[in-house]
Amino acid sequence: MSANWELKNWGNIKVYDLTIPISHLTPAWPTYEPLQIKFFKRLAPNGANGQLLTHSNHVGTHLDGPLHFCTHGCDIASLELKDFLIGPGVVVDIRDIAEDYGIYTSKDIEERAEVHDGDILIINTGYHRYGWDQPEADEVRYMVMHPGPTSEFAQWCKKRKIKWIGVDCGSADHPMNTKIREWMPYHAKMADKHLKEKYGKGLDDFFPPEDYQLMHIDLFPHNIIHAECLGGDIDLLSGKRVTIGCFPWRFEGGESCISRIVAFVEE
């Protein structure tokens, strides 16, 4: 089904929520501030409940904005709703090849779904099943062991003019191409071992210093950004072309933002 349609007849539209629940239990990206919440007023005696929240922008389902990794990048409020935050895209299911510390490529994406130039690209690695609210919850696996791409994939994103990417795990970058590689040396050793056994190449080969955190550092100056920690109904949309919408705050000066992400499907 083509996703190049306008939402005129809501009676034929089904909305799929690709957002995970958020609470004080939701883990933020490692070292970032989690959500903290308290009541500052209650129905008795104030007549209304009121809450105060403190959190980083990188907890729960959130959109990394250009300003997050690019000094001259725009803020969240400057991202256009039409033809950027909302637009045609595809949900690609790579669960069949996803593995701890694994690598995925542009070929893996194109073999599993119809990708158009200028798409919004949602990648289902299957690692949302390790999210904090799931029966198989495993924070280390979700944040530290999920698969990720190399520079080949980033170059493909630029070639295909991908608008933004959504992933159902802790980061759009491979965890061993982030600070996590330094913070968790045991897992770095295990990842290096896995890659050498499978490909004959290790972490230093896949992720040389010049490619560090490339999904952020390399792509954000080109305004190719991404959302992290998706989930919800994502398994129901495998391989489907849909209209996708990301709804952050109209956040002036915001480098990133907690967001609601949904897919609209004409049925």
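## Close-up views of a predicted model

**View A. F69, Y212 and I217 make a nonpolar surface patch of about 240 Å².** The structure shown here and in the views that follow is a predicted model. Of the residues in this patch, I217 is found in helix α8, which spans residues 214-217. I217 counts as partly exposed because its relative accessibility is 41%, a value between the limits of 20% for buried and 50% for exposed residues.

**View B. W29 and W183 form a tilted aromatic pair, one of nine aromatic pairs found in a search of the whole structure.** The ring centres of W29 and W183 are 5.8 Å apart, with 55° between the planes. This pair links distant parts of the chain: W29 lies in the loop between β1 (13-17) and β2 (36-41), whereas W183 belongs to helix α5 (residues 180-183), and the two are 154 residues apart. W29 is buried, with a relative accessible area of 13%, while W183 is partly exposed at 37% relative accessibility. Ring pairs also bring in Y32, so that W29, Y32 and W183 are linked into a cluster.

**View C. The rings of W249 and F251 form a tilted pair.** Their centres are 5.4 Å apart and their planes stand at 55°. Both partners are partly exposed: W249 has a relative accessible area of 47%, and F251 has one of 22%.

**View D. Basic side chains lie over the ring faces of Y127 and F206.** R129 is placed over the face of Y127, at 5.8 Å from the ring centre. K201 is placed over the face of F206, at 4.7 Å from the ring centre.

**View E. K41, in strand β2, with its surroundings.** K41 is partly exposed, at 28% relative accessibility. Apart from neighbours within four places in sequence, K41 is in contact with N46, A48, N49 and G50. L52 is eleven residues from K41 along the chain, and the C-alpha atoms of the two are separated by 9.5 Å.

**View F. A salt bridge joins D235 and R95.** A search of the whole structure finds 16 salt bridges. In the bridge between D235 and R95, the closest N and O atoms are 3.3 Å apart. The pair links distant parts of the chain, with D235 in the loop between β8 (225-228) and β9 (241-247) and R95 in the loop between β5 (86-93) and α2 (106-110), 140 residues apart. Both side chains belong to partly exposed residues: the relative accessible area is 34% for D235 and 36% for R95.

**View G. R141 forms a salt bridge with D100.** The closest N and O atoms of this pair are 3.0 Å apart. R141 lies in helix α3 (residues 139-144) and D100 in the loop between β5 and α2, so this bridge links distant parts of the chain, 41 residues apart. R141 is partly exposed, with a relative accessible area of 25%.

**View H. The side chains of K158 and D218 meet in a salt bridge of 3.3 Å, N to O.** Because K158 lies in helix α4 (residues 151-159) and D218 in the loop between α8 and β8, the pair ties together parts that are 60 residues apart in sequence. K158 is partly exposed at 23% relative accessibility, and D218 is also partly exposed, with a relative accessible area of 24%.

**View I. A network of salt bridges links D96, K107, E111 and R112.**

Definitions and conventions
Residues are numbered from 1 along each chain as its sequence is written. This is a predicted model: local features need pLDDT of at least 70, side-chain atom pairs count only at pLDDT 80 or more; totals for chains, interfaces and linings use all residues. Side-chain values use heavy atoms; hydrogens and water are left out. Patches are made of residues with over 30% relative accessible area and no salt bridge: like charges are joined within 9 Å, nonpolar side chains (Val, Leu, Ile, Met, Phe, Trp, Tyr) within 5 Å. Accessible areas come from the Shrake-Rupley method with a 1.4 Å probe; for residues, only the protein chains shown count as cover. A salt bridge is a side-chain nitrogen of Lys or Arg within 4 Å of a carboxyl oxygen of Asp or Glu. Helices (H or I, at least four residues) and strands (E, at least two) are DSSP runs, numbered from the N terminus. Buried means under 20% relative accessible area, exposed over 50%, partly exposed in between (1.4 Å probe, protein chains only). Rings of Phe, Tyr and Trp (its six-membered ring) pair if their centres lie within 6.5 Å; planes under 30 degrees apart count as stacked, over 60 as edge-to-face and the rest as tilted. A charge sits over a ring if NZ of Lys or CZ of Arg is within 6 Å of the ring centre and within 35 degrees of the ring normal. Contact means heavy atoms within 4.5 Å.
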